[in-house]
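User: I should like a close look at a single part of this model, with the cut-offs behind each term stated.

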Amino acid sequence: MQTLAVPDLINLFAPGRRRALRHWRLAALAATACVALYIGWQLARPAIVDQLAEAFPPTLATRLGQDMLRELDLQALKPSELSETHRARISGAFASLQAPHEGAPRHRLLFRSSQLGAAAFTLPSGDIILTDSLVLALPDDGAVLAVLAHELGHQQQRHMLRRLLQEAMLPAASAMVLGDTNWLVSSMAARAPHLEWPQQAEIEADNYAADLLEHNGLSLRLLTEVQEALSGVAGSTGAPGAERAYLAIHPPCAERLAQQRERSAL
């Protein structure tokens, strides 16, 4: 039986080692390329979303919102149980608000009851959905107007459309090319009421709401009262479960409260 010297053994396995080393290098290069592509995509994504939002036809945005509303009415929303007098009082007060210098976007106020709890959100069509639970959770109609002014701020900045484009870019691009919103509606309608807004979007909506309230001689303290009433920071131990639904999609933060209190003190 022939025995191999140590150098011969090393030479025997050298081709395999070289192939393994080459494969590891290729794998490392591929992994690095994937990470670079991912980072580049994340950096470019906001700019792409902004461009898509600017190019998204208003008529298509209206149809998208209406189709989403139709789907939500089938799945999650029910007719409001508030009295007609109560709804008319809020609608009249909201309609009487004069738009600030930048104007008011197209909008329509809709009351709904829902297991979503205390919620308010605005669809790309300008339909503002206000649930009975939220109306009943707020201390007065002034706080309700503050919520609606905030929602108008989201619509002014087209936040919902931008968020839908960000969350479902491929269905959104398909809707723009084909003019068919079905894929986007099926992808996002059920999720729309639960989308949490980033802090910057909330601040932008607050700023518009503050301009609207101030322009109509209403106290900016109303914006602070909404957060305090629902989060329990005004002396209670915490908001009930139904009221937490609003805070889940409109998360309060110290910076927002500070800005609201500072502006209301001026």
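Is Arg-158 buried, partly exposed or exposed, and why? Please include its surroundings in the answer.

Analyst: Arg-158 counts as partly exposed because its relative accessibility is 24%; buried means under 20% relative accessible area, exposed over 50%, and partly exposed in between, with a 1.4 Å probe and protein chains only. This is a predicted model, in which local features need pLDDT of at least 70 and side-chain atom pairs count only at pLDDT 80 or more, while totals for chains, interfaces and linings use all residues. Residues are numbered from 1 along each chain as its sequence is written, and side-chain values use heavy atoms, with hydrogens and water left out.

Arg-158 lies in the loop between α5 and α6 (159-167); helices are DSSP runs of H or I of at least four residues, numbered from the N terminus. The backbone of Arg-158, just after α5, takes a positive phi of about 55°. Most residues other than glycine have a negative phi. Arg-158 is a residue other than glycine with a positive value.

The preceding helix, α5, covers residues 141-156. Its 16 residues should span 22 Å at 1.5 Å a residue, and the end C-alpha atoms are 22 Å apart, which agrees; the expected span is 1.5 Å times one less than the number of residues. Of these 16 residues, 14 are buried, so that α5 is mostly covered. At the N-terminal end of α5, Asp-140 acts as a cap, with a side-chain oxygen 3.1 Å from the backbone nitrogen of Gly-142. A polar contact is a pair of N or O atoms within 3.5 Å; within protein, one must be able to donate a hydrogen and the other to accept it, and residues adjacent in sequence count only if both atoms are side-chain atoms.

Arg-158 also belongs to the lining of the second largest pocket, where Pro-58, Ala-61, Pro-124, Gln-155 and Arg-158 lie nearest the centre among 13 lining residues. On a 1 Å grid over the protein atoms alone, a pocket is an open set of points where a 1.4 Å probe fits, with protein on both sides within 12 Å along at least five of seven lines; lining residues have an atom within 4 Å of a point. The volume of this second largest pocket is about 210 Å³, taken as the space filled by probe spheres set on the points, which are joined across faces, edges and corners. To its lining, α2 (58-75), α5 and α6 each supply at least two residues.
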